[in-house]
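This report examines selected local features of one protein chain. Please consult the sequence and the structure shown below while reading.

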Amino acid sequence: QIQALSGMTDATGMPDSTPLSVALPLIEQLTGIHAAAAVLAALRLSGAVRQRVDISMYDAAFSAMTTFLPAALGGVRKTANRVGNRHPLSSPWNVYRASDGWVLVCAGNDDQWQRICNLMGHEGQQLAARFPAIADRVAQVDAVDAGMQSWIGRHTIAACIRQFASAGIPCGPIAPVDGFPREANLDHRTMIRTAAAAGGRTGFVAGSPFRMSRTPGIAPVSISA
């Protein structure tokens with residue numbers, strides 16, 4: 001309900017789809033982060049000064065929509081705010097199908113766009129001439145994405161990541177959830193831990209994102225039935 005009331009649901013989904021809610025507890029976690037930060041800020045006051053901290057889920061959800069607020073608060077009206085995997089203020093910014101799966105590519109400025117066009121060769125130079133500025137690309141995002149898809153579709157995920165990374169462009173594979181708990185980044189960050197379960201069995205639990213040298217976060221050591 002908070003997602004719906006704050007506008008988050010209206011901003012989620014594809015342009016031609018119904019409004020969608022995010023199936024993750026993002027607002028709950030974001031509200032907790034704001035509350036923790038507010039407590040730390042309040043404690044900076046010296047002496048016996050006391051103050052009340054008031055953090056609401058609605059406020060946290062509304063403030064999270066920073067990429068949509070400029071158009072909404074500036075009076076720019078659109079028939080739908082839903083942009084799918086695109087970015088309302090930048091392009092190219094989307095998921096594209098490589099020859100063996102999906103990759104995400106994000107370009108946040110004209111310099112990154114020029115680097116993308118350079119690595120795409122002649123095909124890219126044609127795109128650079130047609131859409132030199134970020135405003136041009138946002139206005140004609142379908143054509144920009146079509147050009148990106150044409151090039152990416154002829155390359156593997158590994159080749160895309162290698163070439164975009166060499167140009168300093170954010171790019172990565174879409175990691176399938178059904179690949180958990182075995183996933184390279186999870187293993188590298190030890191975000192999957194083994195815990196004892198009933199009957200002498202073991203199971204997997206998520207590790208803690210808190211990494212401190214003296215008081216690191218801990219993960220459960222047992223799984224209840």
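The sections below cover salt bridges, one helix, a pocket and two points of backbone geometry in this predicted model.

## Salt bridges around Arg86

A search of the whole structure returns 7 salt bridges. Two of the bridges described here involve Arg86. One is formed with Asp142, with an N to O distance of 2.8 Å. This contact connects distant parts of the chain, since Arg86 is in the loop between helix H4 (69–73) and strand E1 (93–98), whereas Asp142 belongs to helix H8 (residues 141–152), 56 residues apart. The other bridge of Arg86 is to Asp145, where N and O are 2.7 Å apart. It again links distant parts of the chain: Asp145 lies in helix H8, and the two partners are 59 residues apart.

The three side chains differ in their accessibility class. Arg86 has a relative accessible area of 24% and is partly exposed. Asp142 is exposed, at 54%. Asp145 counts as buried because its relative accessibility is 8%, and the cut-off for buried is under 20%.

## Helix H5: a salt bridge and a buried face

Within helix H5 (residues 110–119), Arg115 and Asp111 are 4 residues apart, about one turn of the helix. Their side chains form a salt bridge in which the closest N and O atoms are 2.6 Å apart. Both residues are partly exposed: Arg115 has a relative accessible area of 27%, and Asp111 has a relative accessibility of 47%. In contrast to this pair, Arg86, Asp142 and Asp145 are joined into one network by salt bridges that share partners.

Which residues of H5 are buried? They are Gln112, Trp113, Ile116, Cys117 and Leu119. Viewed down the axis of H5, the buried residues fall within an arc of 165°, and they therefore line one face of the helix. These residues pack against several elements, namely strand E2 (101–106), helix H6 (121–130), helix H7 (134–139), H8 and helix H9 (157–166). Helix H8 thus appears in two settings, as a packing partner of the buried residues of H5 and as the helix that holds Asp142 and Asp145.

## The second largest pocket

The second largest pocket holds about 310 Å³ of space. Its lining consists of 17 residues, and those nearest the pocket centre are Ala11, Thr12, Ala64, Thr67 and Phe68. Helix H2 (residues 26–43) supplies the largest share of the lining, with 3 residues.

What classes of residue make up this lining? There are 12 nonpolar, 4 polar and 1 charged residues.

## Backbone geometry

Most residues other than glycine have a negative phi, and most peptide bonds are trans. Two sites in the model may be read against that background.

The first site is the peptide bond between Ser91 and Pro92, which is cis, with omega at about 0°. Pro92 is located in the loop between H4 and E1, and Arg86 is placed in the loop between H4 and E1 as well.

The second site is Thr190, a residue other than glycine with a positive phi, near 45°. Thr190 is situated in the loop between helix H10 (184–188) and strand E4 (192–196). With a relative accessibility of 38%, Thr190 counts as partly exposed.

Note on methods: Residues are numbered from 1 along each chain as its sequence is written. This is a predicted model: local features need pLDDT of at least 70, side-chain atom pairs count only at pLDDT 80 or more; totals for chains, interfaces and linings use all residues. Side-chain values use heavy atoms; hydrogens and water are left out. On a 1 Å grid over the protein atoms alone, a cavity is a set of points where a 1.4 Å probe fits but cannot get out, and a pocket is an open set with protein on both sides within 12 Å along at least five of seven lines; lining residues have an atom within 4 Å of a point. Grid points are joined across faces, edges and corners, and a volume is the space filled by probe spheres set on the points. Ala, Val, Leu, Ile, Met, Phe, Trp, Tyr, Cys and Pro count as nonpolar, Asp, Glu, Lys and Arg as charged, and the others, Gly among them, as polar. A salt bridge is a side-chain nitrogen of Lys or Arg within 4 Å of a carboxyl oxygen of Asp or Glu. Buried means under 20% relative accessible area, exposed over 50%, partly exposed in between (1.4 Å probe, protein chains only). The arc is that of the directions from the helix axis to the C-beta atoms. Contact means heavy atoms within 4.5 Å.
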